[in-house]
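Here is a short tour of one protein chain, written for a reader who likes to check each point by eye. Have the viewer open and follow along.

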Amino acid sequence: MNCSSFDLKAYSLGEAASAERREVETHLAGCADCRRETERLGLTRSALLTLREEEPPRRIGFVSDKVFEPRWYERFWQSGPRLGFASAALLSCAILVHAFVRTEAPVTPAGAGLSAAQVESIVDAELSKRLDTAVRQAVARTEAEQQKKAAELVAAAEQRLRLEHRAEMLSVQETFEVLRKRMNVLYVASAESRVAQ
């Protein structure tokens with residue numbers, strides 16, 4: 001019989017008549033393709049039954065409804081000139097606030113109460129302090145980079161060792177399988193020679 005003559009969908013949904021069900025069941029006993037198709041249809045039906053039923057909306061929204069109008073802040077962000085004006089206003093306010101709040105450092109004359117030796121020692125101390133800070137930062141940065149590289153190298157070595165170990169284990173397993181097969185052949189040959197005697 002031709003597979004297309006059977007209604008597998010009606011059968012899997014339980015809508016087929018009893019005579020037709022019996023015909024499909026006898027066909028399914030001998031046809032693997034139709035059995036797979038019936039299983040797929042059953043899975044689809046099960047998936048559809050897990051969905052909850054929802055009631056369709058009673059009112060359809062139209063584009064002209066107030067719900068779809070953009071809010072004031074959405075209209076503001078979509079307007080380029082308004083956004084430009086607001087940016088310029090904020091920038092000018094920031095400049096004015098900075099001008100009034102800014103404090104100036106007191107200016108002392110160059111030679112006011114300090115000798116050249118004192119100024120030189122202050123400059124040397126400040127220079128030494130800044131240099132020490134820069135050197136510490138550079139050393140810390142270099143050590144951090146070295147630790148990162150070392151961690152990467154260790155991780156790569158561990159990965160390589162894991163791969164080598166896995167390859168060795170597979171090789172041992174294959175060797176064991178070969179030996180087991182040889183032992184089975186020897187066992188069968190031994191059993192056959194005993195039977196022959």
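A crossing of two helices counts as left-handed if the near helix is turned anticlockwise from the far one by less than a right angle, and as right-handed if the turn is clockwise. That wording will be handy below.

## Overall picture

Please keep in mind that this is a predicted model. The chain is built with 6 helices and 0 strands, so the order of elements from the N terminus reads α-α-α-α-α-α.

How much of the chain is buried? Of its 197 residues, 8% fall in that class. The exposed area comes to about 18000 Å², and carbon and sulfur atoms supply 61% of it. Turning to contacts between residues at least 6 apart in sequence, 32% of them join residues at least 24 apart.

## Where helix 2 meets helix 3

Two packed helices are described by the angle between their axes and the distance between the axes. For helix 2 (residues 18-30) and helix 3 (residues 32-50), the angle is about 115° and the axes are 6 Å apart. The crossing of this pair is left-handed, in the sense given at the start.

Which residues make the contact? From helix 2 come His 27, Leu 28, Ala 29 and Gly 30, and they meet Ala 32, Cys 34, Arg 35 and Thr 38 of helix 3. Sorted by class, the contact holds 4 nonpolar, 3 polar and 1 charged residues.

## A closer look at Thr 38

Thr 38 is worth a stop on the tour. This residue lies in helix 3 and takes part in the contact with helix 2. Is Thr 38 buried or exposed? Its relative accessibility is 14%, and because buried means under 20%, Thr 38 counts as buried.

Leaving aside residues up to four places away in sequence, Thr 38 touches Leu 8, Tyr 11 and Leu 28. Of these, Leu 28 belongs to helix 2 and is part of the contact between the two helices.

## Salt bridges

Side chains of opposite charge can pair when their charged atoms come close. How many salt bridges does the structure hold? There are 5. One of them joins the side chains of Arg 36 and Asp 33, with 2.3 Å from N to O. Both residues sit in helix 3, 3 residues apart, which is about one turn of the helix. Arg 36 is partly exposed at a relative accessible area of 42%, whereas Asp 33 counts as exposed at 52%.

Helix 6 (residues 116-196) offers further examples. Arg 130 and Glu 126 form a salt bridge at 3.0 Å, N to O; they are 4 residues apart in this helix, so about one helical turn separates them. Arg 130 is exposed, with a relative accessible area of 58%, while Glu 126 is partly exposed at 33%.

Another pair in helix 6 is Glu 177 and Arg 180, whose side chains meet in a salt bridge of 2.8 Å, N to O. These two residues are 3 apart, again about one turn of the helix. Glu 177 has a relative accessibility of 29% and counts as partly exposed, and Arg 180, at 37%, is also partly exposed. Which residues are joined into a network by salt bridges that share partners? They are Glu 126, Lys 129 and Arg 130.

Key:
Residues are numbered from 1 along each chain as its sequence is written. This is a predicted model: local features need pLDDT of at least 70, side-chain atom pairs count only at pLDDT 80 or more; totals for chains, interfaces and linings use all residues. Side-chain values use heavy atoms; hydrogens and water are left out. Buried means under 20% relative accessible area, exposed over 50%, partly exposed in between (1.4 Å probe, protein chains only). Contact means heavy atoms within 4.5 Å. Accessible areas come from the Shrake-Rupley method with a 1.4 Å probe; for residues, only the protein chains shown count as cover. Axes are lines fitted to C-alpha atoms, for helices over the stretch in contact, and angles run from 0 to 180 degrees between N-to-C directions. Ala, Val, Leu, Ile, Met, Phe, Trp, Tyr, Cys and Pro count as nonpolar, Asp, Glu, Lys and Arg as charged, and the others, Gly among them, as polar. A salt bridge is a side-chain nitrogen of Lys or Arg within 4 Å of a carboxyl oxygen of Asp or Glu.
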